[in-house]
Each structure stands twice: as structure tokens, then as C-alpha cells.
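Dear colleague,

Please find below the structure for your review. I should be grateful if you would read the notes that follow alongside it.

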Amino acid sequence: MNRKNDGFTLAELLIVVAIVLVLVAIAIPVFTSQIEKSREATDLANIRSSFAEVKSQALTERKDVTGDPVALEQQEPGWQSVEQARTLEQLMTSVDGTPVPGGTAWIEFDFSTSECTLHYGDGDGGQTPDPLPEVPGSKAKEDAKDFPEGSNERLIMNSIEEAEREALRLYKEAGEDGNVAYMVTFGEGGKISLERVLDRQRYTVAGPATILKDGYMVGISAEGKVGCNLKYDKDAGKLTIEKSRIYRNKWHNEFYGFDFGY
């Protein structure tokens with residue numbers, strides 16, 4: 001009497017294992033691709049959020065703005081989600097570079113031209129913008145909120161931080177030492193420009209209308225402190241330009257009337 005044996009033969013098991021291996025070989029790349037697309041979706045959402053924030057700040061404060069770098073989570077160079085990336089990049093005036101694993105991305109908005117550039121960096125600091133230096137004028141943005149949107153006071157106070165940082169950049173770039181002042185003037189659309197001055201004096205105290213017309217000064221002391229000749233009396237709600245002077249030549253290095261707390 002023949003006894004029936006339950007189970008599979010070795011050949012049947014090998015066939016099943018082979019089928020499973022084929023299915024795994026097909027599934028793993030698909031699964032990996034989906035994980036990468038999920039990472040990219042996060043990156044694209046973060047970049048889009050930064051774009052909205054930078055554009056809003058530039059239009060509200062009427063000045064050029066560079067956003068903070070966005071750390072990319074993707075692990076493959078370029079974009080796998082091509083259509084989604086193209087939709088994002090079409091919002092920009094130009095795109096600089098390509099995304100890389102462990103890299104960064106940041107938005108730069110030029111207020112005067114309304115041009116928006118998306119930059120990609122390598123994450124090692126090579127292309128990432130240097131951190132913006134801390135300046136006393138940074139707190140002026142908070143004080144500016146005491147005034148109505150579109151007011152002269154708000155426009156002027158929102159410019160102080162940018163003016164002081166630009167003055168510091170020019171000071172270091174030129175290898176300056178001693179007391180140096182830069183005249184800050186307003187152009188079309190509230191865009192500011194700086195010019196180094198050696199002999200400039202303000203004889204009278206004046207208000208916002210005069211500041212917009214004649215400009216104000218940002219000074220950097222020999223000790224590296226930065227400040228401006230504007231004064232804000234928070235209790236009185238009054239912004240003024242103070243009596244001040246920069247006088248520098250071979251024999252003199254006079255410098256007074258600058259508030260290094262603002």
C-alpha cells in the first residue's frame with residue numbers, strides 16, 4: 001500500500017524561491033523610488049514655503065530679501081519628481097545650480113526688479129550664503145510695527161537693518177579701520193543705496209520727510225560698533241534724525257551723534 005507524502009518537492013521550493021526573488025527585485029526599486037519621492041515632496045514643500053515667506057517680506061518691507069537655507073532631505077541628485085519640481089521652478093525668475101544629496105536651497109528676491117532666484121548649494125558652505133551679521137538695527141523692524149503700513153516712519157525703520165549690514169560689508173571689504181560713515185539715501189520704491197562719506201555734518205534735528213529726502217548716516221566705529229544717526233522715542237512715537245558729524249582726514253577722525261544701540 002502506497003502512502004501519500006504531504007509537502008513540496010525540492011524543485012517546487014526552488015521555483016517558489018525564484019519567483020519571490022523576482023518579485024522582491026521588482027518591488028525594492030519601486031519602494032525606494034517612492035521613499036525618495038516622499039523626501040522630495042518634503043523638500044519641495046519647504047522651498048515653496050520659503051519662497052512665499054521671502055516674497056511676502058520683500059513686498060511688505062520694500063527691500064531685497066535672502067531667505068534662510070533650506071536643508072534638503074533627498075538622497076539622489078537632481079529631482080526624481082520632475083513635474084512637481086518644474087511647477088515650483090516656474091515660479092522663479094531663474095534657477096542657480098541643481099539639488100544634491102545633503103545640500104541646501106534658498107530664495108533670493110530683488111525688490112527693485114521683482115526677480116526671484118532659487119539657489120541650490122552643496123551643503124558645505126560653498127554656495128550657501130554667509131549668515132547675516134547681528135546689528136543693532138535688527139530691532140528696528142519690531143519698532144516699525146508701531147507705525148501704519150506704508151508710512152514714512154515704517155519705511156525708514158525697516159531699512160536700518162539692511163543699511164547697517166551693507167555698511168559692515170563695505171567696511172570689511174575695503175579693509176577699513178577707524179571711524180567710517182556711509183550716507184544712506186532712498187531711491188525709487190524705497191530701495192536704499194550707500195555712499196562712504198568723509199566729511200558730513202547734520203546741524204539740526206529733523207523728521208521722517210527730511211530723512212526720506214536727504215537720507216541718514218550709518219557709522220562704524222574704530223572698535224567695530226555699528227549704528228545710525230536716527231533716534232526713535234517710543235513713548236512719544238517720534239522718529240528723528242539727530243545732530244551728528246563724521247570728519248575724517250589725515251589728522252582728524254571725529255565721530256559723534258551716532259546711536260550704537262540702534
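The notes below go from the chain as a whole to individual helices and side chains.

Please bear in mind that this is a predicted model. The mean pLDDT over the protein chain is 81, and 84% of the residues reach at least 70. Confidence is highest in helix α5 (residues 208–214), with a mean of 92, and lowest in strand β14 (residues 253–256), where the mean is 57. Where pLDDT is low, the predicted coordinates should not be read in detail.

Overall composition

The protein chain contains 5 helices and 14 strands. It has 262 residues, of which 38% count as buried. Its accessible surface amounts to about 15,300 Å², and carbon and sulfur atoms account for 53% of that area. If one takes the contacts between residues at least 6 apart in sequence, 66% of them join residues at least 24 apart.

Helix α1 and S38

S38 is located in helix α1, which covers residues 10–61. Its relative accessible area is 44%, so S38 is classed as partly exposed. The C-alpha atoms of S38 and E73 are 9.5 Å apart in space, while the two residues are separated by 35 positions in sequence.

Helix α4

Helix α4 comprises the 22 residues 152–173. At 1.5 Å a residue, this helix should span 32 Å; the C-alpha atoms at its ends are 31 Å apart, which agrees. There is nevertheless a bend of about 30 degrees in α4, placed at I160. After the helix comes G175, which has a positive phi, near 65 degrees.

Salt bridges

The whole structure holds 14 salt bridges. Which residue forms a salt bridge with K141? The partner is E161, and the closest N and O atoms of the pair are 2.7 Å apart. Because E161 belongs to helix α4 and K141 to helix α3 (residues 140–144), this pair ties together parts that are 20 residues apart in sequence. Are the two partners buried or exposed? E161 has a relative accessible area of 8%, and is therefore buried. K141 also counts as buried, because its relative accessibility is 16%, which is under the 20% cut-off.

E161 takes part in a further salt bridge, with the side chain of R165, at 3.1 Å from N to O. Both of these residues lie in helix α4, 4 residues apart, which is about one turn of the helix. R165 counts as buried as well, given its relative accessibility of 17%. Through salt bridges that share partners, E61, K63, K141, E161 and R165 are joined into one network.

Another salt bridge links K145 and E142, whose closest N and O atoms are 3.3 Å apart. K145 is exposed, because its relative accessible area is 53%, and the cut-off for that class is over 50%.

Points to keep in view

For a reading of the side chains, the network of E61, K63, K141, E161 and R165 offers a starting place. For the backbone, one may turn to the bend at I160 in α4 and to the positive phi of G175. Strand β14, with its mean pLDDT of 57, has the lowest confidence in the protein chain.

With kind regards

Technical notes:
Residues numbered from 1 in each chain as written. Predicted model: local features only at pLDDT ≥ 70, side-chain atom pairs only at ≥ 80, totals over all residues. Heavy atoms only, no water. Helix = DSSP H or I, 4+ residues; strand = E, 2+ residues; numbered from the N terminus. Buried < 20%, exposed > 50% of the residue type's maximum accessible area, 1.4 Å probe, protein only. Expected span 1.5 Å × (residues − 1). Bend = angle between axes of the 7 residues up to and from the residue. pLDDT = per-residue confidence, 0-100. Contact = heavy atoms within 4.5 Å. Areas by Shrake-Rupley, 256 points an atom, 1.4 Å probe, with all protein chains shown as cover. Salt bridge = Lys/Arg side-chain N within 4 Å of Asp/Glu carboxyl O.
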